[in-house]
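Please find below my remarks on the model, set out as numbered points. They begin with the chain as a whole and then turn to individual residues.

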Amino acid sequence: RAPTPGMRGVTRRALVGSVAASPLSLAPAPMGAVGAAAYPIAGRLAPLRKGSRLHQPPLAPGSAVELTYPPWLAGLWLARVSFECFTAPLGSSFVDLDDLASAAESAEDNNDLKYLMRFVTDGGRSPWSSRMRVVQDRAYNAVEEVRAFGGETEDTRIVSAAYNETQHLLEVVLAPPRPVSTAERWLAGEETHLVIRTLASSAEGDGECEWRTSEVFEQRLVDGLGLPLAPPTIVETMVRFSRPPLLADVQPAATTTALESASGPVRAGLCGGVSTDAVRIPRAAVKAHNRICKYALPGTVASRLSGECAVSAFDYEWVLTPVDGADSTGGEGDSLGTSDYNLYSS
């Protein structure tokens, strides 16, 4: 089943799926502003056709910064993920056989995938509010997505997942499902590490109804000794989140009349409320379009021949439904309970 929507494009045949909608990017534009992105994103989500040339974003040092999200994404969501299409803009000769096989498999399989996705407030300052900074819970989302996309089998289970915000590094460790020590797994060469490093990121949108993100990752699959199990890949994942005007039928846009909703008092606005320290924003279903593009490794013949343009793209549609009883701090509804996960007590 092709690259996973959030997890940056590792195919099932390369062992794991991927890792969620993803963080890391510039501090976003203030609400109501568009264009504070490191590089523009909207055009990158336009339909792709054969002959389309989608250039790789610039990979300058310091291009990766922790991505933040609008307050209305805070909390625990059930994601329903539908495969939309696969595109090889430069022709199939640039696409590896695993991706072609995954595309064919996804086209034949009409079943949607479902898994949890969580965005949390981490206590940092945000451009949206003096208190609320919303980020993605990387390790949690990685575990959910890898499991959903078939990364776990009878012989392989997730052992741990951790995200280092300072280094912009996500690591998921898989090993046989036996309660052996880390040293024993390491010595036996049974561990597989999916290591994802963010190279560049950007975000843009009005913050009220739509938010767009783009991140470029280097993905590596290595064993417990750090030896490569497959060539590294360069992948870009883009997401366009959108939500309907929740209160438009109740109150004209841009008013400040206080209303009551199931999630608490809100202020009427174009999309269901304006973020202030004293206001809770109601949550309803959020739709998203996700595109995962793969690029040839920089410095290779394939990179020169492709002109550093995307050689393949998987497109998905998401529907995110809020999970009742979950909060945005990582408490209820939490299948693993913390932001770094060690599933074995070795």
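1. Of the 346 residues of the protein, 53% are classed as buried. This holds for a predicted model, and the values that follow should be read on that basis.

2. The exposed surface of the protein comes to about 14600 Å². Carbon and sulfur atoms contribute 54% of that area.

3. The protein contains 4 helices and 13 strands. As for its contacts, 71% of those with a separation of 6 or more link residues that lie 24 or more positions apart.

4. Lys-294 deserves a separate remark. This residue belongs to strand S11, which spans residues 286–295. Is Lys-294 buried or exposed? Its relative accessible area is 12%, and the limit for a buried residue is under 20%; Lys-294 therefore counts as buried.

5. Which residues are in contact with Lys-294, once its neighbours within four places in sequence are left aside? The partners include two aspartates, Asp-96 and Asp-99. Thr-233, Ile-234 and Val-235 are also in contact with Lys-294, as are Ala-310, Val-311 and Ser-312.

6. Ser-93 lies in the loop between strand S1 (75–87) and helix H1 (97–108). Its relative accessibility is 68%, and the class of exposed residues begins over 50%, so Ser-93 counts as exposed.

7. Val-311, already named as a contact of Lys-294, also serves to place Ser-93. Ser-93 and Val-311 are 218 residues apart along the chain, and their C-alpha atoms are separated by 9.1 Å.

Terms used:
Residues are numbered from 1 along each chain as its sequence is written. This is a predicted model: local features need pLDDT of at least 70, side-chain atom pairs count only at pLDDT 80 or more; totals for chains, interfaces and linings use all residues. Side-chain values use heavy atoms; hydrogens and water are left out. Helices (H or I, at least four residues) and strands (E, at least two) are DSSP runs, numbered from the N terminus. Buried means under 20% relative accessible area, exposed over 50%, partly exposed in between (1.4 Å probe, protein chains only). Contact means heavy atoms within 4.5 Å. Accessible areas come from the Shrake-Rupley method with a 1.4 Å probe; for residues, only the protein chains shown count as cover.
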